[in-house]
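Please find below a colleague's notes on this structure, set out as numbered points. They are best read alongside the coordinates.

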Amino acid sequence: MAAFCRMQRLSRHGRLWSAAQHGRTVYSLHAVQRMGARRLSTQAHEAIREDDVQLRDAFDLPTQTTLGSSWFHKGRPTGLLMESRFVSPTSFRQAGKEAVVEAESLVARVLNASTATERRQIVKCLDQLSDALCRVMDVAELVRQVHPDSSWQTAAENVYGEMLEFMNGLNTHVGLYTKLVDAMDDPSISKDFSDVEHEVARSFRRDFERSGIHLAASAHARFVELSSRIHDRSRTFLRSQGLAPAGTVQVPVDQLHTLPASVVSEMLQTHAVRTHDGVAVVDVVPDDWAAQYVLRDCEDSKVRETVYCAWQRGASSAVQSLEGLLEDRLALARTVGFESFAHMTLDDKMARTPDHVDEFLRGLAVQARPRWDAVAQGLARDPRAIRPWDRDYYVGRQQAKMGALPQLAEYFSIGRVVMGLSRVFERLYGVTLRATVPQPGEIWHSDVRKLEAVDEDGHLLGVVYCDVFARSSKAHVGAAHFTARCARRVDDDVGRAVCDSTVVERDGMRFQLPVVVLICNFPPPMPNSPPLLSWANVETIFHEMGHAMHSMLGQNGFHNVAGTRCPVDFVELPSVLMEHFARSPHVLSLFASHYKTNEPLPPGLLRQRADRRRRFAALDLHAQLFMSALDQRYHSAQLDVRPDWSTRVLAQVHADPMFECTSAQSMFAHVEGTRWQSRFTHLVGYGASYYSYLLDRVLAGRIWDRVFKGDDPSTQLSNNPLNREAGERFRNELLRWGGGRDPWTCLAAVLDNGESSHREIEDISKGNKSAMHIVGTWQLPDM
């Protein structure tokens with residue numbers, strides 16, 4: 001609810017739990033149908049340019065290039081992330097103080113604005129104020145996660161805490177809010193706003209009002225109290241996930257023989273074998289690790305049931321924290337005038353209302369039902385007998401019959417993958433990635449690589465730092481995109497002029513370049529081998545680079561709506577679209593080759609993996625639909641807050657006709673005594689917006705099919721999606737706007753290329769319930 005400095009850390013939206021997958025990430029692929037190896041080989045590996053070699057070797061051969069660690073500590077530090085104020089923990093603290101002083105000066109300008117010219121600059125001043133804070137606070141958040149030096153981490157903690165307190169004061173500053181509203185509501189002032197400036201103004205106003213700034217004193221005090229409780233209960237709920245399950249489950253030792261030997265060995269080492277009723281048993285802790293193997297590999301259904309029920313029982317403390325959190329969110333929403341927390345959350349999202357989300361989810365479910373029916377029928381002779389604790393076992397048996405999946409990592413050194421990404425961006429947008437040697441003190445670890453995004457004329461568009469390998473000094477944040485600095489126009493700044501190495505001139509104006517950091521936790525390289533990526537990690541880096549390119553190209557002049565600063569149910573679209581490119585044979589032909597022999601990736605290997613993943617994708621889709629619907633119900637206006645009410649809602653959603661499975665309803669049924677909601681941690685960060693994951697997958701699939709006309713799995717030939725005209729359409733109608741234009745307008749403009757009816761485009765552009773219904777009838781998302 002922050003008007004100023006919305007923290008920008010985008011994580012790949014995790015699949016929280018699917019009984020079929022036990023939290024293991026599964027990605028289905030477009031099939032590579034009947035595509036001969038010769039066809040792919042003849043396209044493969046155009047002549048490698050010098051820039052390509054440097055880019056590849058920067059990641060694959062770091063010790064043999066100038067990008068190795070030898071320069072890392074040499075020379076006088078020039079500043080972290082090219083910021084001259086960030087040369088040491090001490091100077092970083094000072095930068096925080098200077099940012100607050102700059103912000104106070106801009107606050108004074110807004111409060112004292114009286115002439116038409118001064119009032120006309122209010123939105124600009126607020127945007128500049130937000131940038132002044134974020135340029136320090138966003139980097140502080142990054143430092144807390146990745147910097148190996150504890151003194152830097154301590155400085156970042158202090159700076160972040162102090163600036164957060166200051167920012168919270170701004171978010172409830174009545175004077176700033178009043179000045180903004182007066183300017184927006186005065187036609188003589190607002191008539192001169194650009195379309196993007198209007199959007200910036202609306203975003204500030206919405207955030208102010210969500211902070212309760214317009215409330216009477218008693219209501220505002222209630223708002224502050226509820227906000228504090230929500231924060232505390234969120235932390236308590238998340239901390240409860242680290243608690244060990246209460247008690248153990250007694251498992252006969254002879255029922256463990258089908259589990260992996262290493263797993264059995266660890267179980268037996270943890271707890272001594274004892275005899276019970278003449279049977280050798282071992283006490284197993286029903287945590288995620290044990291449940292994964294028992295549910296997948298144990299042949300005894302009764303043992304699986306016992307472990308499943310204990311695993312899903314959920315801690316009472318977690319359930320109580322969650323219910324308190326949800327109740328307080330409803331009270332908060334009503335305090336500021338909304339019917340429910342979902343109504344408040346969705347007010348500025350693509351979906352707009354809970355009713356629209358429901359329309360979308362039910363449309364997808366109608367399409368998906370035959371698919372999960374088909375999966376159930378293929379699992380067992382009598383699918384009606386399959387219970388939730390049996391599902392993984394039957395899926396595992398089928399996978400075992402198919403044999404091991406092919407290993408693809410030897411075809412995907414990370415340097416080759418990044419080189420391939422550069423080639424994709426060049427063909428789509430005329431943008432290439434260029435490996436560059438950072439200056440001393442510019443990066444925080446020798447593993448970090450610096451890439452410049454450059455257009456066809458050689459103009460620098462922005463900088464991407466890649467910190468992709470796991471290490472002990474790095475928080476396990478998974479894969480994430482951090483915005484360290486947003487793009488914005490600075491030559492018309494009010495007051496202090498920005499002048500540093502990330503400001504460039506363009507068309508007679510000066511712009512602050514975007515600076516982003518991609519964080520992954522890939523396995524570090526092994527001796528005598530470049531770093532190799534699993535297929536899942538290839539998709540991950542394509543996804544994160546989709547965010548990075550959105551930041552590079554989403555330059556609309558304003559910080560607050562630059563790049564990825566757009567609605568949460570829209571922001572993943574560009575990154576999910578990049579996953580489609582990762583699966584394209586045409587794209588793979590640009591870079592996928594064996595790191596030893598340089599032989600191209602055989603199409604059959606990818607086809608085999610695609611077929612396997614697609615076979616059970618319906619189960620993952622069912623889980624995503626279920627979690628999205630549950631999230632909406634938990635944040636609705638009607639909460640029966642008797643004890644354990646969240647479990648009753650859980651059972652009701654399980655029984656919703658939306659999730660009917662004619663062949664095996666019991667496979668998805670609620671199990672009495674289980675409380676899966678105690679594990680649904682995405683309710684904290686994605687409250688009332690979990691559907692976003694599915695929505696963006698559907699939208700990306702539509703753009704892939706209708707605009708890029710990507711590889712078609714139903715035909716022998718595949719279309720080449722690397723189309724410059726399509727890329728420019730996507731760039732100009734969607735990426736470049738960031739959050740500065742209505743997402744529905746962007747979507748309609750991208751799709752308005754003659755492949756969709758005029759009526760559909762017109763309906764989509766309205767972004768109403770009809771639009772969400774139409775989207776719900778589009779092709780099911782590729783999971």
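1. Q632 counts as buried, because its relative accessibility is 11% and the cut-off for burial is under 20%. As the model is a predicted one, this value, like the others below, is computed. Q632 belongs to helix 23, which covers residues 617-634. Leaving aside residues up to four places away in sequence, Q632 touches A342, L346, P354, V357, A688, S689 and Y691.

2. Two of the residues that Q632 touches, P354 and V357, fall in helix 16, residues 354-379. Helix 16 has 26 residues and, at 1.5 Å a residue, should span 38 Å; the C-alpha atoms at its ends are 35 Å apart, which agrees. Helix 16 nevertheless has a kink of about 40° at A368, shortly before the proline P370.

3. Helix 5 (residues 122-146) packs against helix 6 (residues 150-171) at an angle of about 145°, and the two axes are 8 Å apart. The crossing of helix 5 past helix 6 is left-handed. On the side of helix 5, the contact is made by L129, L133, V136, M137, A140, E141, V143 and R144. Helix 6 contributes W152, Q153, A156, E157, V159, Y160, M163, L164, F166, M167 and L170.

4. Is strand 12 enclosed or open to its surroundings? Strand 12 (residues 515-522) is largely enclosed by the rest of the structure, because 8 of its 8 residues are buried. In a regular strand, side chains alternate between the two faces of the sheet. Strand 12 is covered on both faces: V515, V517, I519 and N521 are buried on one side, and V516, L518, C520 and F522 are buried on the other.

5. Strand 12 pairs with strand 7 (residues 460-469) in the parallel sense, over 6 bridges. Within this pairing, D467 has I519 as its bridge partner in strand 12. Strand 12 also pairs with strand 8 (residues 480-485), here in the antiparallel sense and over 5 bridges. T483 stands opposite V516 of strand 12. Both of these strand 12 residues, I519 and V516, are among those buried.

6. A further sheet is open and consists of 3 strands in the order 9-11-10, with antiparallel pairing. Its edge strands are strand 9 (488-489) and strand 10 (503-506), each of which pairs on one side only. Strand 9 is joined to strand 11 (residues 509-512) by 2 bridges, and these two strands run antiparallel. R488 stands opposite Q512 in strand 11.

Notes:
Residues are numbered from 1 along each chain as its sequence is written. This is a predicted model: local features need pLDDT of at least 70, side-chain atom pairs count only at pLDDT 80 or more; totals for chains, interfaces and linings use all residues. Side-chain values use heavy atoms; hydrogens and water are left out. Two strands pair if DSSP finds at least two bridges between them. Helices (H or I, at least four residues) and strands (E, at least two) are DSSP runs, numbered from the N terminus. The expected span of a helix is 1.5 Å times one less than its number of residues. The bend at a residue is the angle between axes fitted to the seven residues ending there and the seven starting there. Buried means under 20% relative accessible area, exposed over 50%, partly exposed in between (1.4 Å probe, protein chains only). Contact means heavy atoms within 4.5 Å. Axes are lines fitted to C-alpha atoms, for helices over the stretch in contact, and angles run from 0 to 180 degrees between N-to-C directions. A crossing is left-handed if the near helix is turned anticlockwise from the far one by less than a right angle, and right-handed if clockwise.
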